Structures are given as structure tokens and as C-alpha cells.
Amino acid sequence: MTARLSLQQARRMALNSQGLAKVRPTEPVTARSVGRTFAQLQLVQIDSVNIISRSHFLPFFSRLGNYDRNILSTMAGTAPRKMMEYWAHEASFIRPVHFHDLRVWQSRAWVGSARLDPTLREDLEAQILELLAGSRPLTAREVKARIGHVEHNNKDGWGWNWSAVKRTLEGLFEKGVVGAASRNDQFERKYSLVGKVLPAGGRVDVDDNPNKQEAMERLMEASALAHGIGTVRCFADYFRLPVREGSAAVAALVNKGVLKPVTVTGWNAEAFVHTKATVPRHAQTRALLSPFDSLVFERRRLEQLFGFHYRLEIYTPAEKRKYGYYVLPFLLGENIVARVDLKADRQAGKLVVRGAFGEPDAPLNTAVELAGELALMAQWLGLGDVVVQANGDLAPALTVALG
């Protein structure tokens, strides 16, 4: 008989699996705590938007509070690496143990060199690999200068107007031949041979030429662990895996007793839980969530779990935005109760709330709790005041709470 969960149980299970069900630790956050959080999430999405902080820093603040961001730089850029960059949900920091499994399933050829002239691509690949074999990690600009490549005014209107060298590097990155050893202050990748990026000289705990079906099962299980509960679509979306093959992997994991089918009140799609997932009696988190937080990856799941419709409006013209440019959902207990449009004004030393909006069922203490979270974020960012602009129904109460 298929088990049945209430919507509240499913919500608490999801929050617990994402490290968002418990009160944050009061003691100083250690590198071990950050590492445990990353292992629980399995991946953290990278994005260049820096209006508050680089997006990969925010999920750890949401779960741990005030922590030293240099811990992540060490984990990602110092051997033996605990995290490495590769394609997953999008460009992401992943656990190195997943690299070879992802390499056989990821297909982002559009970002790389597929449209280059084959002769040019092969010539550049040979030069780049020879250069990186004997050099420190280099940016695309540095690689281009070292090999002396001259562009021949190739105006095909492609992508981000990348040079042929950059596109070739991205093609090698997508194939898993070249890796990102780190990023510089301008957020440019510093490329190296992937064997130099992987821990222990290129060895990880799985075969470097895995069986595709087994690789899919491992990735779908990792996704299910991070979700706790979800549909095949949810699990596949986490690592951007094909749904049909992901569905077969879920069936295999059910047969092995790793996943269990369940029904959730109000859901019309079949759901599955990982057998290690648990339902806490309460969820007690207070957290601002990045637009790129893994809890909000799958918008349909977010709406089913929390009744919260969310859209990232960065690419929406300003006059058509409903809530703002960079809007963070505010999680209180086991409900998403508000959303705020934030900007870190580093020159003025202020965290600016450009808009604050309560959800219809937001509790009376929402503004007070949100004020506390914003004050903590400002402290973490090294900013002074939190300034609220008069935009949104929650703005007046939030101003009072901060004052």
C-alpha cells in the first residue's frame, strides 16, 4: 500500500532535507559545518549577479547565518577540493564525486565550440591543452594572449560575443577535459586540465568512465536525498537530467528499496521519498532565500509545497516588474510569508530594501522577524544600516520594526 503524506508533512520533509528545518547554530560557523551543508545540498548554483552577494554564497547564509565566505573559496580553490565547478542545474559547484557521472549526461554544446570551424577548433584545442599541461590556471584572456591567437572578425552574432579561444575552452569544459580551478575577482573562470582540478590527482570515488544507467541512478538518488520528497520531474531538474531516463532510474531505485512511492494531499502527480528522509515535528527556520537557492529551483514544486508563485524578474523590463529586480522569498517556520527586493549599496554601506511584500496569510510577526533577518544579513555583508524604501504593503511595518 502506498504511503500518504499530508501537505504539511511533505513540506517539513522537503525543508529538513534542504537543511532549512532547524534553528541556526549559535556558535561560530566552522568549515566543517559549511562542508556538511554542501554535502546535504549536493550542488550550489553559480551566477554572476552580485547585487547582494554572488549567488553561491547566499544558500549557506540562509542555512548557517553569519559565516566567513573565505571558507567557500578554500573549499573550491584549494587542494584537496571539496567542491568543483561544472554544469549541473546550471553552472554550479558540485561535489567532485558527481563529476564523472554528470560528464556522461550533461550536454551544453551550445555554450562552447560546436559552431566553430572544425579545423580551427581542433587547432585551438591542441594549443590550449599543450599550454594548460605546463602552466598555472589561466583565464580565457590569458590563454588567448599566451597562444597568440588573432581573431579574424568572425561576426556570427553568437552568444556573449566570446572569442574563439573562450568558446573552445568552454567546449573543453563541457566535455570534462578542462576544469575551472577557481575564479578571479572579475568572476572569470581560471582554466586548468581537469586532472589538476579533481582531488587526489584526478581520482574520485567512482569510475572515470561510468556506466550511463548506473550514473543516472546515482545522480537521481543524490537529487532525491537533497529533495527528501518530489516527483521524477523534480529529481531530474536538480541536475538538469533527461526526464525519461530519470524515470527509469527512479523505477530502479524503487525496486532496490532506496525510494518509496507516496501520495501527497493535493498533489496530482506521483511522488517519491528517499528512505533516509525524515519528517520533523516542526520547522523553525527563519531565512531569506536566494533566487538561485536549490529549494526554489523547481517553481512548480515550490507552488505545490508552499502555495507560493515565484518568478525571477531580472530579465523583465523594469516597468513590467511586479516585485522587483532581485527578489528573495522569506521563509518563516514552514511557510514562505513575504518577499523582498534587495540591493547591497556598498559605497554607502547600506542594505537597501527596495520593496517588501507580505503574502496573504503572513503572520503578524512577519515584519519583526524579517527585520531581524535583514539586520543579520547586513552584518554578514559588512554593511551598516538597513534602509527601507516605501514600496510594498509590508514596507511601513518593516520600517517600524527596524527603527
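Helices here are DSSP runs of H or I with at least four residues, strands are DSSP runs of E with at least two, and both are numbered from the N terminus. Threonine 366 has its place in one of these elements, helix α15, and we will come back to that residue once the surroundings are drawn. Please keep in mind that this is a predicted model, in which local features need pLDDT of at least 70 and side-chain atom pairs count only at pLDDT 80 or more, while totals for chains, interfaces and linings use all residues. Residues are numbered from 1 along each chain as its sequence is written, and side-chain values use heavy atoms, with hydrogens and water left out.

Let us start with the whole chain. The protein chain holds 16 helices and 14 strands. Its radius of gyration, taken over C-alpha atoms, is 22 Å, close to the 22 Å that the globule rule (2.2 Å times the number of residues to the power 0.38) gives for 403 residues, so the chain is as compact as a globular protein of that length. Along the principal axes, the C-alpha atoms fill a box of roughly 65 × 60 × 40 Å. Of the 403 residues, 54% are buried, where buried means under 20% relative accessible area, exposed means over 50%, and partly exposed lies in between (1.4 Å probe, protein chains only). The chain exposes about 18,400 Å², and carbon and sulfur atoms supply 49% of that area; accessible areas come from the Shrake-Rupley method with a 1.4 Å probe, and for residues only the protein chains shown count as cover. Contact means heavy atoms within 4.5 Å. Among contacts between residues at least 6 apart in sequence, 66% join residues at least 24 apart.

Now to the N-terminal part of the chain. In helix α1 (residues 7–17), 8 of the 11 residues are buried, so this helix is largely enclosed by the rest of the structure. Among the buried ones are Arg11, Arg12 and Asn16, alongside Met13 and Leu15. Just after α1, glycine 19 takes a positive phi of about 70 degrees. Further along, helix α2 (residues 31–41) contains threonine 37, which is buried with a relative accessible area of 8%. Leaving aside neighbours within four places in sequence, threonine 37 is in contact with Phe60, Arg63 and Leu64. Proline 59 is 22 residues from threonine 37 in sequence and 9.2 Å away in space, C-alpha to C-alpha.

Next comes the sheet that α15 packs on. It is an open sheet of 5 strands in the order β10-β11-β12-β13-β14, with mixed pairing; two strands pair if DSSP finds at least two bridges between them. At the edges are β10 (285–288) and β14 (385–388), each pairing on one side only. From one strand to the next, the twist averages 30 degrees. Helix α15 (residues 366–381) touches β10, β11 (327–333), β12 (335–345), β13 and β14, and its direction makes about 60 degrees with that of β10. For such angles, axes are lines fitted to C-alpha atoms (for helices over the stretch in contact), and the values run from 0 to 180 degrees between N-to-C directions.

We can walk across this sheet strand by strand. β10 and β11 run antiparallel and are joined by 4 bridges, with arginine 286 partnered by leucine 332 in β11. β11 and β12 also run antiparallel, through 6 bridges, and they form a hairpin with 1 residue between them. Here proline 329 has arginine 339 of β12 as its bridge partner. In β11, 7 of the 7 residues are buried, so that strand is largely enclosed by the rest of the structure. β13 (residues 350–358) and β14 pair in the parallel sense over 4 bridges, and valine 353 is partnered by valine 388 in β14.

Back, then, to threonine 366. This residue is buried, with a relative accessible area of 1%. Not counting residues up to four places away in sequence, threonine 366 touches Phe330, Val337, Ala338 and Leu394.

Last, the nonpolar cores. A nonpolar core is a set of buried Ala, Val, Leu, Ile, Met, Phe, Trp, Tyr and Cys residues joined through side-chain atoms within 4.5 Å. The largest has 88 residues, among which Met220 and Met377 touch the most other members. Helix α15 gives this core its largest share, 8 residues. A second, separate core has 27 residues, including Val262, Trp267, Leu295 and Phe306.
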